[in-house]
Amino acid sequence: MSALSVFDKVEQGPPDAVFGIVDRFNKATAEWKALPTSDPKAADEFKPINIIVGAYRDENGKPWVLPTVRQIEKEMAEDPALEHEYLPITGLKTFIPAAQKLMFGEEKPTFASVQVLSGTGAIYTGFSFLKNHVNCTKVIGPTPTWPNHPSCAKTAGLEYGSYPYYDNAKNSIVWDQLIESLEKAEANTVVLLHACAHNPTGMDPTNAQWEQLADLFTKRATTSPLIPFFDCAYQGYASGDVEKDAFAVRLFTSRGLPVIVAHSFSKSMGLYGERCGCLHIACSSADAVKRVTSQLSIFIRATYSNPPGHGAKIATKLLSEPAKYDSWLKDLNVMTARLHAMRTKLREGLEKAQKESGAASVQNRDWTHITTQTGMFSFTGLTKDECAYMEKEHKVFLTPNGRISIAGLNDSNVERVAKCMIDSIIKCQ
Ligand SMILES: Cc1ncc(COP(=O)(O)O)c(C=O)c1O
């Protein structure tokens, strides 16, 4: 028996819910590219389409480096003082106050904040902290949610449960059920909330609903507290305004609740692979901040030692220099305006395609939700079978819950996606 057989019993794990589909898309694209030009299937209209991943794409379907970020990178490259030393365990010192100001505004909150490996790193570090240092055993998140939420909770050793959030058939938030469920949640439950641009549904509570929710948390705070854990991965993507998108976090903070925020800069600054993010934990005093930070430092030191510098250096410059900040807000606007335009075109395409199909079964289908939802995604309402049909027959790749990344749409493919959606609905009946 080979000495290497010690690993033979390791079981194959399932592919990642999102990146597994990207692998299939990449395979289909390679096969399409390998077709001889004489093959009718080599035509552009059969080219696989990726509307899976939540990463911004420009009008040509290409990754977009924000012009402000590009400018900062040029300046950094020419800066003789730039070095690549280790950052402190808790991250770049100047990054922390800049991230806090973006999240909480001018008000100076008492927060233990550490730079972490983007949104995912913030969620995992935050969950691990709650498991190891606070009396928490369970997280509950909305149904549906980002599939990595339960994985992060379980990996951190927390039990994961859910609360009702969305009615797929009615395309709306099930507010009364949500409130009822949170009223009944056990004390010390960590309640995962999407700060804005809910993924995958694109439907956020109204400000009045956030107030109602803050009332619920406040009412329970002294007798049977809940921990509000905000996942803020899309600041600026919901309303196009970073201040408005911070409404819920700032509201809960102003109530003196034990707010935790996983603050990602991946989408808002296009710094995906640079893993730039911040974990903020509300504390009651400067002394508590010191103690909480000490525990976070010990955890970070033992897991990845210290965070990467490049993204944090960019984000700090962008947030601290007024001209750069204004220029970034314009970049954000370019992205949100394009997403908005694509939503409108998709909805128009769907309405046109269903009319032209002549199929009685789809004539009354309502697509209003495509334009009322916000953020990077649309929760189309397509069923699992319809999504599978889209992939198999049309080579349009999306997640099986019917979520599509609006950022993957552009003028060259939006009409085709709309037609394929209508065709899949008709064929799967
Ligand atoms: C809801 C939500 N939270 C967190 C993240 C984390 O992203 P990252 O780790 O790249 O910052 C994502 C990314 O897709 C997301 O959609």
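**Ligand shell, core and Ser5**

Let's start at the ligand: one of its oxygen atoms sits 2.6 Å from a polar side-chain atom of Ser264. Keep in mind that this is a predicted model.

Two more polar pairs to note. The side chain of Asn199 places an N or O atom 2.7 Å from a ligand oxygen. For Lys267, a side-chain N or O atom is 2.8 Å from an oxygen atom of the ligand. Now the burial. On its own, the ligand exposes 390 Å². The protein buries 91% of that.

Who else is around the ligand? Going up the sequence, we begin with Ser118, Gly119, Thr120 and Trp146. Then come Asn199, Asp231, Ala233 and Tyr234. Ser264, Ser266, Lys267 and Arg275 complete the set. By class, the shell has six polar residues, three nonpolar and three charged. Which element gives the most to this shell? Helix H4, residues 118-133, with three residues.

Next, the core. The largest nonpolar core has 61 residues. Six of them touch the most other members: Phe95, Phe265, Leu319, Trp328, Leu346 and Leu409. Several elements each supply at least two residues of this core. On the helix side, these are H2 (67-78), H3 (95-104), H10 (310-320), H11 (322-357), H13 (384-394) and H14 (414-427). Strand S10 (276-282) is on that list too. The largest share comes from H11, with nine residues. What about domains? Domain 1 covers 15-60 + 345-427, and domain 2 covers 88-308. The core draws at least three residues from each of them. As background, nonpolar side chains tend to be buried together in soluble globular proteins.

Last stop, the start of the chain. Ser5 lies in the segment before helix H1, which spans 19-34. Is Ser5 buried or exposed? Its relative accessibility is 17%, so Ser5 counts as buried; the cut-off for buried is under 20%. Ser5 also has a polar partner close by in sequence: a polar atom of its side chain lies 2.7 Å from the backbone oxygen of Ser2. Compare Ser297. Ser5 and Ser297 are 292 residues apart in sequence. In space, C-alpha to C-alpha, they are 38 Å apart.

To recap the ligand site: Ser264, at 2.6 Å; Asn199, at 2.7 Å; Lys267, at 2.8 Å. That's my tour. Over to you.

Methods: Residues numbered from 1 in each chain as written. Predicted model: local features only at pLDDT ≥ 70, side-chain atom pairs only at ≥ 80, totals over all residues. Heavy atoms only, no water. Near = heavy atom within 4 Å. Polar contact = N/O pair within 3.5 Å; in protein donor to acceptor, adjacent residues only side chain to side chain. Areas by Shrake-Rupley, 256 points an atom, 1.4 Å probe, with all protein chains shown as cover. Helix = DSSP H or I, 4+ residues; strand = E, 2+ residues; numbered from the N terminus. Nonpolar A, V, L, I, M, F, W, Y, C, P; charged D, E, K, R; others polar. Buried < 20%, exposed > 50% of the residue type's maximum accessible area, 1.4 Å probe, protein only. Core = buried A, V, L, I, M, F, W, Y, C linked by side-chain atoms within 4.5 Å. Domains from an automatic or database assignment.
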